[in-house]
Amino acid sequence: MKSRHISIMSSAILGLAVVGAPAWAAPITFFGEDANAAGSLPTPNAAAAQTQFLSNIIGAQVETFESFAGGTSPAEPP
């Protein structure tokens, strides 16, 4: 009986620790300035910053909503 009580308490504490853990998101800055007085290509720093930014986008999709008729709502995702 005592071991069952300890097992239930341990499970409850573990559950609270997992659910109660805060999620933190830190901003990431991507900066690439090319001091080019002529304003012409190439721009290696800007290109490197763009490549780094785009490499962090995983699983993103673009939705155009062109397939929906005016005044209708898209279906909710499952």
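Phe 53 is partly exposed in this predicted model. Its relative accessible area is 40%. That value falls between the two cut-offs, since buried means under 20% and exposed means over 50%. Phe 53 sits in helix H2, which covers residues 44-55.

What does Phe 53 form on the surface together with Leu 54 and Ile 57? The three residues make up a nonpolar patch. Together they offer about 270 Å² of accessible area. Phe 53 can belong to such a patch because its 40% relative accessible area is over the 30% that patch residues need.

Phe 53 also has an aromatic partner. The count of aromatic pairs comes to 1. That pair is formed by Phe 30 and Phe 53. A pair of aromatic rings is described by the distance of the centres and the angle of the planes. Here the centres of Phe 30 and Phe 53 lie 5.4 Å apart. The planes meet at 80°. The pair counts as edge-to-face because its angle of 80° is over 60 degrees.

Where do the two partners lie along the chain? Phe 30 is in the loop between helix H1 (2-19) and H2, while Phe 53 is in helix H2. They are 23 residues apart, and the pair links distant parts of the chain. Phe 30 has a relative accessible area of 25%. Phe 30 is therefore partly exposed, as 25% is not under the 20% that buried requires.

Now move along helix H2 to Ala 47. This residue also lies in helix H2. Is Ala 47 buried, partly exposed or exposed? Ala 47 counts as partly exposed, because its relative accessibility is 35%. Ala 47 can be set beside Glu 33. The two are 14 residues apart in sequence. In space, they are 9.3 Å apart, C-alpha to C-alpha.

Step back to the whole protein. How many helices and strands are there? The protein has 2 helices and 0 strands. Its chain counts 78 residues, and buried residues make up 1% of them. The protein exposes about 7500 Å². Carbon and sulfur atoms supply 63% of that area.

Notes. Residues are numbered from 1 along each chain as its sequence is written. This is a predicted model: local features need pLDDT of at least 70, side-chain atom pairs count only at pLDDT 80 or more; totals for chains, interfaces and linings use all residues. Side-chain values use heavy atoms; hydrogens and water are left out. Patches are made of residues with over 30% relative accessible area and no salt bridge: like charges are joined within 9 Å, nonpolar side chains (Val, Leu, Ile, Met, Phe, Trp, Tyr) within 5 Å. Accessible areas come from the Shrake-Rupley method with a 1.4 Å probe; for residues, only the protein chains shown count as cover. A salt bridge is a side-chain nitrogen of Lys or Arg within 4 Å of a carboxyl oxygen of Asp or Glu. Helices (H or I, at least four residues) and strands (E, at least two) are DSSP runs, numbered from the N terminus. Buried means under 20% relative accessible area, exposed over 50%, partly exposed in between (1.4 Å probe, protein chains only). Rings of Phe, Tyr and Trp (its six-membered ring) pair if their centres lie within 6.5 Å; planes under 30 degrees apart count as stacked, over 60 as edge-to-face and the rest as tilted.
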